[in-house]
Amino acid sequence: MYPEVVIKIDKYKSNIKSLVERCSGANVKVWIVTKSFCAHPHIVSNLIDCGIDGLADSRIQNLKKMKDLNIKKILLRIPMLNEVDDVVEYADYSLNSEIETIYALGERARKKGKKHNIIIMLDMGDLREGVWPDDVDDFINKVLKIEGVEIKGFGTNLTCYGGVIPDENNLGRLVKIAKEMAEKYKLDLEYISGGNSSSYYLLEDGKLPVGINNLRLGEIAILGRETAFGKRIDMLHDDAFILRAQIVEIKNKPSVPIGNIGMDAFGNKPYYEDRGIIKRAIIAIGRQDINPDGLIPLDPNIDILGASSDHTILDVTKSDRNYKVGDVIEFKMDYGSLLKAMTSEYVDKVVV
Ligand SMILES: *Cc1c(COP(=O)(O)O)cnc(C)c1O
C-alpha cells in the first residue's frame with residue numbers, strides 16, 4: 001500500500017559493513033543507531049551479522065523490541081527516572097549525566113541482582129547532554145559510591161544542539177579526561193565514545209584522536225552522508241531508503257492561487273512564483289508523514305511546490321514522463337523526512 005518506504009536491506013547492510021571495516025582499521029567499534037527507523041524488527045534482525053559491536057537507540061521501547069537479539073543494546077538518551085526499571089532490564093549500557101538517575105539505576109540493578117553498565121557523557125561544548133568537564137572528577141567520585149552500576153566508559157555528543165563540529169581539540173580533550181579519570185580511579189574503561197555521524201570525517205582524514213574506540217552511527221549508514229559537512233561518502237549507497245507515493249490528482253492549473261491570499265494550513269502567509277499554467281500532480285502524503293523540503297524526487301525534472309497535512313503538490317510540467325493518476329513518484333529523503341515517514345503509521349514499511 002502507498003505511501004510506503006522501501007528499505008533495500010542489502011544496500012543498508014553493505015553501508016554498515018563498509019563503515020565497520022573502515023572503523024575497525026582505526027580500532028573503532030561501531031554501534032548502529034536504530035532510532036530513525038523506530039528499530040523496525042525486520043530491519044534490525046538483519047543487522048546483527050554486519051560486524052557491529054551493538055545496537056543503540058534513544059527510546060527504551062525500541063530496545064525492548066530487540067530483547068531477543070543476542071547483541072549489546074545501548075540506551076542513547078539520558079534515562080528518565082520513570083523508566084529506570086526498563087533500562088536495567090533491556091539496556092546493557094546507558095549513557096548518563098545525572099547522579100540522581102545513576103543512583104536510581106543502581107538501586108533497580110541491585111534489586112534485580114544485576115550490574116548496570118554506564119557511559120558517562122561529557123559536554124565538550126555542544127550544550128546538549130553531558131557533565132561539564134570541570135565537574136567530572138567530583139561526579140566520578142560520587143558514582144563510585146553507588147553500588148549496582150559500573151562505569152564502562154566516557155562519551156560525548158556533538159553537532160546536535162550547538163552544531164559544534166568534532167575535531168582533534170574537543171575529542172582530544174575527551175580522551176585526555178577519560179584517561180586521567182581511568183588512571184586516578186582505576187576504572188576499567190571499555191569505551192571512549194567519540195560521537196555520531198559527524199565524527200566520521202575525522203576517521204577518513206586520519207585525524208580521529210587515538211583513544212576514541214567507539215562511534216554511534218545512525219544517519220551516515222542510512223543516507224550515505226557524513227553530517228559535519230554533509231559530504232557524500234563514495235563507498236556508501238544513498239538510496240537504501242526510498243519513499244514512494246501515489247498520484248491522486250493531476251491537472252493543468254495556474255501556478256498562482258486566485259483570490260486574496262490569507263494564511264495557509266500552517267498559519268504562514270505563502271508566496272507563489274508565477275510559472276504560468278503548469279501540470280500539477282497531487283500525491284497522497286503530507287506534512288503528517290514527511291517534510292516537503294526534505295524530499296528529493298528521483299525524477300530530476302519534478303519540483304516540489306508545497307504540502308499540507310495530507311497532500312503534497314508537485315510541478316511535473318518539465319518531466320519527460322507523462323504522469324497520470326495512480327502513478328507512483330519516488331523520493332530520497334533527508335534525515336528529518338525519513339524520521340517522520342518511518343514514524344508515521346500511515347506510511348507502510350517494506351523491506352526488500
Ligand atoms: C541519535 C544519536 C546518535 C546518532 O546520530 P547520527 O547523527 O544519526 O549518527 C548518536 N548518539 C546519540 C546520543 C544520539 O542521540
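**Ligand shell.** I started with the ligand: of the 13 residues around it (a heavy atom within 4 Å), Lys35, Ser197, Arg216, Gly218 and Glu219 come nearest. This is a predicted model, so I kept in mind that local features need pLDDT of at least 70 and side-chain atom pairs pLDDT 80 or more, while totals for chains, interfaces and linings use all residues. Residues are numbered from 1 along each chain as its sequence is written, and side-chain values use heavy atoms, with hydrogens and water left out.

I sorted the shell by type and got 4 nonpolar, 4 polar and 5 charged residues; Gly goes with the polar ones, and Asp, Glu, Lys and Arg are the charged class.

**Polar contacts.** Here I looked for pairs of N or O atoms within 3.5 Å. A side-chain N or O atom of Lys35 is 2.7 Å from a ligand oxygen. For Gly218, a polar backbone atom sits 2.8 Å from an oxygen of the ligand. Asn157 puts a polar side-chain atom 3.5 Å from a ligand nitrogen.

I then checked cover: the ligand has 390 Å² of accessible area on its own (Shrake-Rupley, 1.4 Å probe), and the protein covers 93% of that.

**Gly286.** Next I looked up glycine 286, which is in the loop between β11 (277-283) and β12 (295-297); strands here are DSSP runs of E, at least two residues, numbered from the N terminus. Buried or exposed? Glycine 286 counts as buried because its relative accessibility is 0%, and the cut-off for buried is under 20% (1.4 Å probe, protein chains only). I also noted that glycine 286 and serine 308 are 22 residues apart in sequence, with their C-alpha atoms 5.6 Å apart in space.

Terms used:
A polar contact is a pair of N or O atoms within 3.5 Å; within protein, one must be able to donate a hydrogen and the other to accept it, and residues adjacent in sequence count only if both atoms are side-chain atoms. Helices (H or I, at least four residues) and strands (E, at least two) are DSSP runs, numbered from the N terminus. Buried means under 20% relative accessible area, exposed over 50%, partly exposed in between (1.4 Å probe, protein chains only).
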